[in-house]
Amino acid sequence: MIKTERILHLKSCRGRKVRVVREHYLREQVPCYSALCQADCANDGKVLPADLTHYVVPDVAVVVDYLEILEFRELQGIVFTQTACQAVQHSKGRRQYNRLRNLLKDPRHDCVLFANEFQEYSYCPREKGESQEKWQTRCVYSAAVWYHNHLAGMMDVVMITEDQDAVAQYSSLNSGVYVISVQDFLQNFWPELQAAHDLYSSLSQALQEKESEGSQREFAEHLPAEVLEAGIKSGRYVKGSLNINKHHNEAFIMTEGLSNKSTDLSCGVLVCGNKNRNRAVHGDVVVVELLPKSEWRGKVTALVEGQGEEKGGEENQSKPMPTGRVVGILQRNWRDYVVTFPPRDGTQSQSRNSQRILAVPWDRRIPKIRISTQQADALQDHRVVVRIDSWESTSLYPNGHSVRVLGRAGELETEVQTILIENCIHVPPFSDAQLREMPGNSPEKPWRVDPAQVAERRDLRETHLVFSIDPRGCEDVDDTLSVRSLAGGKLLELGVHIADVTHFVAEGSLTDLEARSRATTYYLADRRYDMLPAVLSADLCSLLGGVDRYAMSVLWELDAHSLAVNKVWYGRTLIRSSYQLHYELAQALLNGEQAEVAELAELGPEERDAKLAQLTQALEMLTHVARHLRAQRDRGGALELEGVEVRAQLDEERNITALVPRQPLEVHETVAECMIYANHWVARKIQETFPHQALLRRHPPPRQEFFSQLVDIAAARGFAIDTRTNKALAESLDQAVDPQDPLVNRLLRMMATAAMSQALYFSTGLESQDQYYHYGLALDRYTHFTSPIRRYADMVVHRLLTAAIDVDRGAGPGRALASNKELEETAQHINNRNRAAQQAQKMSTLLFQCLYFKERDPQTDQRCVADAVIYSIRNNGVLVFVPEYGVKGPVYLRNREGQVVSAGQDGSCEWQSGSIRQYSDHVTTTSSGGSSTFRLFSHITVRISVRSTSCHADSLNLEVISNKPHAGAEPQQAQSQSQSQSRSQLVQEVVRLAEEAYQQAQEKAARRPKLSKEEKEFSQSKTPNLYSLLEEVRELALLDLDGAARVCATTA
Ligand SMILES: [Zn+2]
C-alpha cells in the first residue's frame, strides 16, 4: 500500500473555497468485478459477464449529464469510476447520487463500480495548472486503460466522453482503448435502440438551452439550507410535504411533527397561488414561513368541475386557517411526468429558435414544463414522458427534457401507458435472465415432483379431499381448501393450502427482486400485469385440479361441536386438488341444484353420485364452520362495508351493452372467511416466533372527524350512527335501513368506507402490540398469507412462516431474517405500490367508462339517462351516486352564468336566472318558475355525458334533467348494424380487448367489492351480520386514500 497526499478544493456551504489535504492510500489490489479476471481480484457481488463484446467506461460529464441513458437495461458492461461517482455526488446532489447507487446495487443492471482512485496503477495525481475537468477525464481514461491491461486485452474497452479534445487526444495513443462520443457510441453499438437516441438528443438540447437562460427574477430565492434548518428548529418555519389541490390554485403543507406549538397546525398550512408556492412541485418536501394572521385564508369549498367526494370533516368549513409561503425546498420528489404537446396555435412563446414548448402535464397538480425540442410539430397532440431538470428563480416554468413518446392522445394504448407512468408503475416483460431461473416445464420435459421434496413434505394426496373455489376461468389458483371429520365425528379438521411460491422463488434471485419491485399484480380494466412469470403464476404454483403441487398448509383441529381450536399445524405439504370449482357451481351444489361437475363427467352414475355426495358434504361442513367463524368476529365488532363492483356485460358480438353490478353468493363469504382465518393464525404464529420482525397488516381505527359527515347525513334521515367503536358502528349501520329504499343503507356504508383509514403493512418491531389491531376485521393480529402469486407481502410472510417452522424444529431459522428496519422498508414499499395499483385501476376504470359513454349520443340514447341518489349537499350543487353504473360525481345546480336549475311540475329541469341556498339536508333554488328543492337521499334523473380535454383524462359529466326518480326505462335494444359499423377505431379496440379482459375480470371479481343483492338489503337487519365482501376486497376498500372515489364504480 502506498501513501500519498491528495489535495481537494471544496466549497463550503457559504460558498467559501477551502483547500483540504487528505492522506490517500493506493493499493495494488482493487477488485475489477469482471468474470474475465485472471488476477484473483476479490470480486464478490455483482460481476460483469465474460460474454460481452465490450465494456463501457463513461467519462465524468457523461455520468453527470446522461445518466438516464446509462440506465437503459440494454446497455451492458458499464464500469462507473469512483471519479465519476464522486462528481455526481458533488455536482448533482443526493437525489441523483442515490439514483446512481441504486443502479449499481441493482443486479438486473449490468454495471459495476471501480475504485480507480485507490488503484495504484490507474490513479493519476492532478497536475499543476490542469483544470478539474481535464484531470477527471484523464483519470477515467487511465481507468479504462487499466481495465484493458488488467483483462489482458481479452475485452474491448470503450470510453465515452462529450469532450471532443479528449476524443482526439486519446484516440491517437493506441492504448487499446476506444475513445468516442456518446452519439458515436449509440450509433455504432446501439443503432436499433431508438429510445436512447431520442433521449440523447433531448438531453443535449436541454443542456444547450440551460446555458441561454434569462436573468429577470420571477420568484424569491430559496433560503440557504442552514437558515432553513435553524428556522425549523426555532419554530419560525414549518416543514412538510406539498400537496396541491388539483381543482383550485391552492396547496397544503402536511406538517411533519409540529414545530410551532403555539399555533394549531394539525390540519396543515395553506399555500395560495403560484408566487407563494415558490417553484415547489406537488410532492416536494418544503419549508414554509407562516404569514401574519391577518393574511390567513380559508379553503375553497364550492364544487368544481370533475370533483369527486372528499373525506368528510372540515371540508365544508371555510374559516381562515394557517397560511404561509414557501421559503425553501428540502427535497425534490420529481418523477416522470406525462405531458401533452399542445396544438401550435401561435400563442406558444416563440423564443430565439422557436423550439421551446410549454407542455401541459396530464396531472393537473404539476405546472407546465418547458421543453426544448426539434420535433415540436411532429409531437403536437401527442403524449410524451418528460423529466424536470431544473427550476430557476428566473423562470416562470420549470425546464425539462422529453424521455419518450407514448403516442397520440386519446388512443387507448397511449392512455393506458399514461396511467401506468403517472402511477410510477414499471412493468417491462420479464427478462431472459429472470426466465432462466424458472423451473422447466414443457410437453417434452414436464415438471415433476422431486422425490427429495416428497420426503420432506407432509403428503396429503391420499388422505385429504382438497378442492378450490374460484371465479370461473381462473388461472392462478393460489388457495385450496379441505375439511374432514376425525375421531369418529368428535373432531373436525379444516385445512387451507396455499401455493408454495417461495419454494420456486429464492430470496434475492432476479425473479424475487422483480416481484419485490412490482409488489403486486396490477389489474387494469382491460388487462393485468403479473407479479410473477406465467410459468409460476398460471402453472407450477397454480393449484390446478388433478395435478401434484407443493403447498404451504395450515391445518386446524377443531372440536366438532363447539368448533374450538384444539391444535394448529403449519407446514409444507404435497397436495393434489380433486375439484377446481367455480363459485356459481359450488353454490349450486350447496343449494341442492342440478349441477355438472366436470371432474365427474366420465364416471358411471353410481360412482358419480357417491363422489358428488362426498363433495357436497364437504362444502356444507365448510359453510357451517365459516358461519361460526364469522359470527365470532361479528361479536368482536367486524364491519360490513360497502363497495360496488360493476361488470361489463357483452352481447353475442362481444360489444359492451351494459355495465351491470355483480351478484354475491354465500360461498364467496365462506371462502373469504377461511382465508381470513388462515391469515390471522399465520399472523399469530410469525408474530409469536419473531416479535420484532414479523410482517403484519394493521387497520387503524378511523379518525372520528371523518365520520361527522356520515353521522350528520344519517341523522337527516332519522338514523343514529354510533362511531365510538367498530362494534357500535357495525350495529348502528345495520339499524340504518329504510325499508322503502335499500340504497340508503348502501350509501351510508359507502360513506363509512370512505371515512376509514387505510390498512397497512408494518414490521412488528416498529409498533407496540396494541397498535396491531385490525379494525375492519376486528382481529388482534392479521397478515397476508393466502395470495403469494399476486402479492409480495404474502411471499415475505411465507418465508417468515418457514423460518418459524424451522425454529420449532429446533433448527433455528435457515437464514438471516430481515431486520426490523429492512422489513419496515419493504412494508412501506408495498404500501406505496398498493396505492399505485389502486389508483391505476381507478383511472383505467374511468377511462373505459368514458369510452362507453363517448360513443353514445347523450341527447338520444336512453342508456345515457339514469337514476341518481343525492348523498351530499354543497353550496352550488349536490353529489350523487348512480347505482346503475356505479358512478359518483357532482351535479351542478348553479352554472357559471349564475343561472340555477329550476324544476317544473313534471319534474323536468331547465336553467333559469335565480338564486340558490344551501341547508343542512337540502339545497333550494329559486327562480321565476318557483322554487325547487333537492334533498339528501332523494332520487333524481341525470344525463351522463363525457367531458373531453386533450391534455388530461376524460371525465364523466352528470347533468340533472328531472328532480324526480328515473322512470326506469329499460335500456333500449342495441343500435342498428350500420351504427355499430361506424364506431370509432378506439371503441372497436376496446371491444376486442374487452373479450380478453372478460376472463381476467372473472379472476379479479372475487377480489373486489361485491354489490349486495337487493333481497339481502331488504332483510339486512333481520339476518345475522354476515360478511358480504371478500377479505381482499374489503382490504382494497380500506386502502384507498379517497375511498369514496373508488366506490365510484369499477367496470370489470
Ligand atoms: Zn481483476
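So, how much area does the chain expose, and what share of it do carbon and sulfur atoms supply? The answer is about 45,400 Å², and carbon and sulfur supply 48% of that. Keep in mind that this is a predicted model, so every number I show today is computed from it.

A bit of overview before the details. The chain has 1052 residues, and buried ones make up 56% of them. In secondary structure we get 27 helices and 39 strands. If you take contacts between residues at least 6 apart in sequence, 69% of them join residues at least 24 apart.

Okay, the zinc ion. Its protein donors are three cysteine sulfurs, the SG atoms of Cys32, Cys37 and Cys41, plus NE2 of His150. They sit 2.0 to 2.3 Å from the metal. Along the chain, the donors are spaced as C-x4-C-x3-C-x108-H. Now look at where the last two come from: Cys41 is in the loop between β2 (17-26) and β3 (54-58), while His150 belongs to helix α3 (residues 132-150). Those parts are 109 residues apart in sequence, so the pair ties them together.

What about the geometry? The angles subtended by the four donor atoms run from 104 to 114°, and that makes the arrangement tetrahedral. For anyone setting up metal parameters, the cut-off here is that all angles lie between 85 and 135 degrees.

And are Cys41 and His150 buried or exposed? Cys41 has a relative accessible area of 12%, so it counts as buried. His150 comes out at 17%, so it is buried as well; the limit is under 20%.

Next stop, helix α9, residues 412-422. Nine of its eleven residues are buried, so the rest of the structure largely encloses it. The buried set includes Leu412, Val416, Ile419, Leu420 and Ile421, but also Glu415 and Glu422. Just after the helix, Cys424 takes a positive phi of about 55°, if you want a backbone torsion to look at.

Last, a sheet. This one is open, with four strands in the order β34-β35-β36-β37 and antiparallel pairing. The edges are β34 (899-903) and β37 (930-935); each has a single partner strand, so one side of each is left without a neighbour in the sheet. From one strand to the next, the twist averages 50°. Zooming in on β34, its antiparallel pairing with β35 (residues 909-918) runs over five bridges, and there you can find Val900 opposite Gln912 of β35.

That's my tour, thanks.

Methods: Residues numbered from 1 in each chain as written. Predicted model: local features only at pLDDT ≥ 70, side-chain atom pairs only at ≥ 80, totals over all residues. Heavy atoms only, no water. Donors = N, O, S within 2.8 Å, 3.2 Å for Na, K, Ca; no water. Tetrahedral: all angles 85-135°; square planar, octahedral: opposite > 155°, others 65-115°. Buried < 20%, exposed > 50% of the residue type's maximum accessible area, 1.4 Å probe, protein only. Contact = heavy atoms within 4.5 Å. Areas by Shrake-Rupley, 256 points an atom, 1.4 Å probe, with all protein chains shown as cover. Pairing = 2+ DSSP bridges. Axes fitted to C-alpha atoms, helices over the stretch in contact; angles between N-to-C directions.
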